[in-house]
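This report describes a two-chain model, beginning with the sheet and then turning to the contact between the chains and to each chain in turn. The structure is shown first.

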Amino acid sequence: MIPLTACRNGRSFQAMKKLGEIHHFGMLNIVSITSDCTCAGRLAALGFLPGCRVRISRIAPLGDPISIQIGGQEISVRRAEADLIEVEEAG
Amino acid sequence: MKQAAPAGAVRIALLGNPNTGKSTIFNRLTGLRQHIANYPGITVEKKVGAMELGGRQVELSDLPGTYSLAAASPDERVVMDALGGRFGHQAPDLIVCVVDATNIKRNMLLVSQAAELCIPMVVVLNQWDAAKRNGIEIDEALLSDRLGVPVIPTVAKRGKGLENLINALVRAIEDPRWIPRIQWPEFIGAARDIVRDGLAHLGVDVTGPEALRMVFDADSAFADKIGHKGKLSSLRKAARETIRSHGMNPASAEAVLHYSHLDALLVGVLGGDGMVARTRSSIDSLLLNRVWGTLIFFGVMSVVFQSLYAWASPVMSLIESGSEWVQAAVSPALAGTPMIQSLVSDGIIAGVGGVLVFLPQILLLFLFIAVLEDTGYLARAAFLMDKLFGWCGLNGKSFVPLLSGYACSVPGVMAARTLEDPKARITTILMTPFMSCSARLPVYVLLIGAFVEPSHGPIVAGWTLFLMHFVGAAVAMPLAWFMNRWVLRLKPLPFILEMPDYRVPTLRNVTIRMWERGREFVVRAGTLILAFSVILWALLYFPRPESVAKTMREAFLATQSAADVATALSDPNSGLSIKLARRIDGAYIAQSYLGQFGTAVQPAFDLAGFDWKITVSILSSFPAREVFVSTLGVIYNLDADAGNEATDLRSILAKEKWHSGPRAGQPVYTLPVVFALMAFFALCMQCGATVTVIAKELNWKWAAGSFVTMTTLAWGAAVAIYQIGSRL
């Protein structure tokens with residue numbers, strides 16, 4: 001069980017970004033889910049949980065939505081929804 | 001086929017994520033012994049089939065695919081209600097949980113959630129072959145051991161493993177097994193009790209799992225139906241606060257806890273390194289490519305469109321000539337009773353033909369949708385196009401219904417079922433009739449050919465015809481935006497879409513889909529469309545006083561020389577007789593209830609520059625806009641057997657002048673009138689079949705709203721164009 005806020009301790013806020021703001025295809029770590037709305041619950045059910053490694057695998061021709069690789073699956077989300085997920089670059 | 005399950009039948013529910021092959025298993029088990037109904041009060045499909053297991057009758061229901069019991073869409077809400085036996089549902093005796101073997105962990109979340117409900121379960125690991133190909137090794141015996149229920153590997157598409165599944169079901173009915181429930185941490189139990197005990201004080205009994213749903217789900221479908229809104233909302237807030245105070249996000253707590261439970265459960269079950277399906281990623285680099293992906297998308301869609309627009313038409317004209325043939329065959333037998341003859345021929349047979357004529361397009365479209373969905377391409381298409389539609393409340397999946405609308409709104413509206421989000425679905429359905437369907441084309445061709453081409457040349461005429469196809473869409477998109485923002489008070493669903501693996505569709509699934517849709521249209525919408533056809537016939541036929549024919553006959557004969565008349569009229573097929581018959585038909589239309597109504601509303605259409613002939617033709621084409629040209633033909637007393645009515649009509653329309661009133665002597669069809677008329681056709685909902693299908697897909701309120709809005713818009717646009725155009 002990973003507490004919601006634990007990841008923030010000891011890490012700089014600078015390194016954290018919203019997933020919706022990422023424009024490259026590098027590996028990312030999910031730090032937290034920042035909302036408790038239905039959409040956040042839906043993302044969590046699909047496996048978007050703190051500690052998971054994700055990667056943007058495709059960007060739609062018009063820049064939005066983005067397709068995200070998580071585990072063995074690919075999930076397409078709009079950038080606005082991806083913004084609920086806080087990530088950091090995986091080192 | 002539609003009767004309720006016999007008493008004592010075992011109820012089995014199929015549960016699973018989308019794209020797991022759940023429906024394939026359902027089709028395999030029940031064959032055609034299945035039917036679709038709607039769940040009470042909502043337009044979510046309830047698929048129920050019958051089968052026999054070990055001598056017992058079984059009612060198998062295929063629940064909508066869902067990732068979680070946390071309900072967001074109406075489809076998902078149904079799942080929780082059906083499993084919990086709430087709100088008019090009966091809880092199943094056994095759950096068959098279909099798990100995609102290529103993605104076990106995520107699929108098992110639903111299994112783990114369903115275990116909470118204490119209903120016996122059988123787990124199916126479908127797409128076993130694909131998992132093997134991806135290098136995933138699964139120890140199903142160990143999994144079965146840990147879960148305490150049978151775990152059956154299958155490849156439903158090829159029918160493999162279904163024998164084992166059936167045997168397991170027979171055993172499970174006699175000797176039910178349960179999956180042990182997850183051990184919640186204490187604070188989750190405390191949060192649950194806050195809601196459950198709080199509700200108990202209000203006299204509402206809910207089960208533990210139901211109380212948990214209200215804690216975990218931000219918009220709990222369950223909470224919406226329990227009542228006690230204010231009190232319940234503060235109970236839920238308190239419960240969620242308890243979770244938050246233990247450092248967890250209440251929205252993700254359930255998933256976090258279930259997944260860590262599953263991690264422990266799956267240790268040693270899953271082996272191998274297969275994580276990424278390589279075929280998928282290489283096909284995706286082509287199909288989702290910025291340039292190639294977009295080109296292929298438009299290529300695929302142009303094939304779909306072409307098939308609806310062009311390939312379906314030979315079959316459609318076959319159906320049309322078939323119904324004409326039946327009319328001709330039946331009519332003579334009823335010649336003694338003109339009223340019955342007209343009812344059977346113009347009302348019933350024409351009505352049946354009018355229903356069947358939609359079938360080729362519906363079947364073709366659902367052939368394509370089944371193939372696109374089953375291959376996994378539809379999700380990619382939605383991904384490519386989403387941004388284009390997102391701004392006005394539609395989403396990427398709206399493209400296929402809207403495109404189909406350019407051929408015909410009826411299959412287009414039905415195609416909107418592929419949208420899970422009710423808000424986007426309603427908007428898409430209401431926008432589809434604005435797309436310029438093929439029935440509008442003859443009107444544009446007639447008017448542009450008669451009035452634009454002679455004065456402005458073929459190039460301008462061609463462009464006018466082309467642009468007319470976008471008038472509806474140009475009005476519809478801002479309207480959708482407006483509706484989405486101000487009218488539809490529904491929360492939009494997040495547009496989260498799984499990109500499924502590419503798969504080869506099976507003939508079996510595709511044909512079952514086409515069969516279901518075709519039958520559904522004929523049975524549910526077809527009967528109503530037929531009824532409307534008969535009502536319209538009556539409005540055009542009655543009151544039919546004999547004096548009308550007599551007066552017309554006398555007036556007509558007065559204009560002919562007496563010598564011709566006697567010989568010509570004795571032969572019913574002579575030119576003169578036919579001319580007279582057409583005149584009388586025209587006079588009857590003018591005198592019919594619809595014609596009288598037309599005269600009554602004429603002042604409203606006068607503002608758009610329409611004369612009574614146009615008005616009556618418009619009114620008679622409300623059930624089906626393609627009737628407009630032929631009604632004009634009848635009113636202008638054209639010979640029915642002329643064959644090329646449109647060409648003849650052109651010259652007649654061009655010569656038509658106002659007989660009286662302030663514009664007496666001036667031509668009726670000026671350019672402003674022509675454009676007002678075309679704009680009217682572009683925007684007006686002149687299609688009884690579409691109204692009926694909207695009512696069946698949504699409800700009568702939406703259908704009526706759509707009809708009134710489109711008709712008002714059409715009238716407003718026509719008046720505006722005429723008033724402004726004639727002052728320029």
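In this predicted model, seven strands form an open sheet with antiparallel pairing, in the order β1(A)-β6(A)-β2(A)-β3(A)-β4(A)-β5(A)-β10(B). Its edge strands are β1 (16-18) of chain A and β10 of chain B, each of which pairs on one side only. On average, neighbouring strands of this sheet are turned by 40° against each other, direction ignored. Helix α16(B) packs on the sheet, where it touches β4 (66-70) and β5 of chain A as well as β10 of chain B. The direction of α16(B) makes about 125° with that of β10(B).

**Strand pairs**

Several of the strand pairs can be described by their bridges. At one edge of the sheet, β1(A) and strand β6 (residues 85-89) of chain A run antiparallel and are joined by three bridges. Within this pair, A:Lys17 stands opposite A:Val87 in β6(A). Strand β6(A) also pairs with β2(A), in the antiparallel sense and over five bridges; here A:Ser32 stands opposite A:Glu86 in β6(A). At the other edge the pairing involves both chains: strand β5 (residues 73-77) of chain A and β10(B) pair in the antiparallel sense over three bridges. The bridge partner of A:Glu74 in β10(B) is B:Met499.

The table lists these pairs together with a pair formed within chain B.

| Strand pair | Sense | Bridges | Residues opposite each other |
|---|---|---|---|
| β1(A) and β6(A) | antiparallel | three | A:Lys17 and A:Val87 |
| β2(A) and β6(A) | antiparallel | five | A:Ser32 and A:Glu86 |
| β5(A) and β10(B) | antiparallel | three | A:Glu74 and B:Met499 |
| β3(B) and β4(B) | antiparallel | seven | B:Glu52 and B:Gln57 |

The last pair consists of strand β3 (residues 45-53) and strand β4 (residues 56-62) of chain B. These two strands form a hairpin with two residues between them. In the turn, B:Gly54 has a positive phi of about 50°.

**The contact between the chains**

How many residues does each chain bring to the contact? Chain B supplies 41 residues and chain A supplies 37 residues. On the side of chain B that touches chain A, at least two residues come from each of α3, α11, α13 (292-330), α16 (377-390) and β10 (497-499). The largest share of that side, eight residues, is provided by α11(B). Sorted by class, the side of chain B that touches chain A comprises 23 nonpolar, ten polar and eight charged residues.

**Helix α11 of chain B**

Helix α11 (residues 250-265) of chain B has 16 residues. From its first C-alpha to its last, this helix reaches 23 Å, close to the 22 Å expected at 1.5 Å a residue. The buried residues of α11(B) are B:Pro250, B:Ala251, B:Ser252, B:Ala253, B:Glu254, B:Ala255, B:Val256, B:His258, B:Tyr259 and B:Leu262. Which elements do these buried residues pack against? In chain A they pack against β2 (27-33) and α1 (38-45). In chain B their partners are α3 (104-115), α8 (208-216) and α10 (229-245).

**Chain A**

Chain A contains two helices and six strands, and along the sequence these follow the pattern β-β-α-β-β-β-α-β. Of the 91 residues in chain A, 47% are buried. Among the contacts in chain A between residues at least 6 apart in sequence, 60% join residues at least 24 apart.

**Chain B**

Chain B has 31 helices and ten strands. Its C-alpha atoms fill a box of roughly 105 × 60 × 55 Å, taken along the principal axes. Of its 728 residues, 46% count as buried. Among the contacts in chain B with a separation of 6 or more, residues 24 or more positions apart account for 72%. The chain is divided into domain 1 (10-174), domain 2 (186-271) and domain 3 (276-430). Between domain 2 and domain 3 of chain B, the C-alpha centres lie 43 Å apart.

Definitions and conventions:
Residues are numbered from 1 along each chain as its sequence is written. Chains are lettered from A and ligands numbered from 1 in the order in which they are written. This is a predicted model: local features need pLDDT of at least 70, side-chain atom pairs count only at pLDDT 80 or more; totals for chains, interfaces and linings use all residues. Helices (H or I, at least four residues) and strands (E, at least two) are DSSP runs, numbered from the N terminus. The expected span of a helix is 1.5 Å times one less than its number of residues. A residue is buried if 20 or more other C-beta atoms lie within 10 Å of its own, exposed if 12 or fewer, and partly exposed in between; C-beta atoms are placed from the backbone. Two residues are in contact if their C-beta atoms, placed from the backbone, lie within 7 Å. Two strands pair if DSSP finds at least two bridges between them. Ala, Val, Leu, Ile, Met, Phe, Trp, Tyr, Cys and Pro count as nonpolar, Asp, Glu, Lys and Arg as charged, and the others, Gly among them, as polar. Domain bounds come from an automatic or database domain assignment. Axes are lines fitted to C-alpha atoms, for helices over the stretch in contact, and angles run from 0 to 180 degrees between N-to-C directions.
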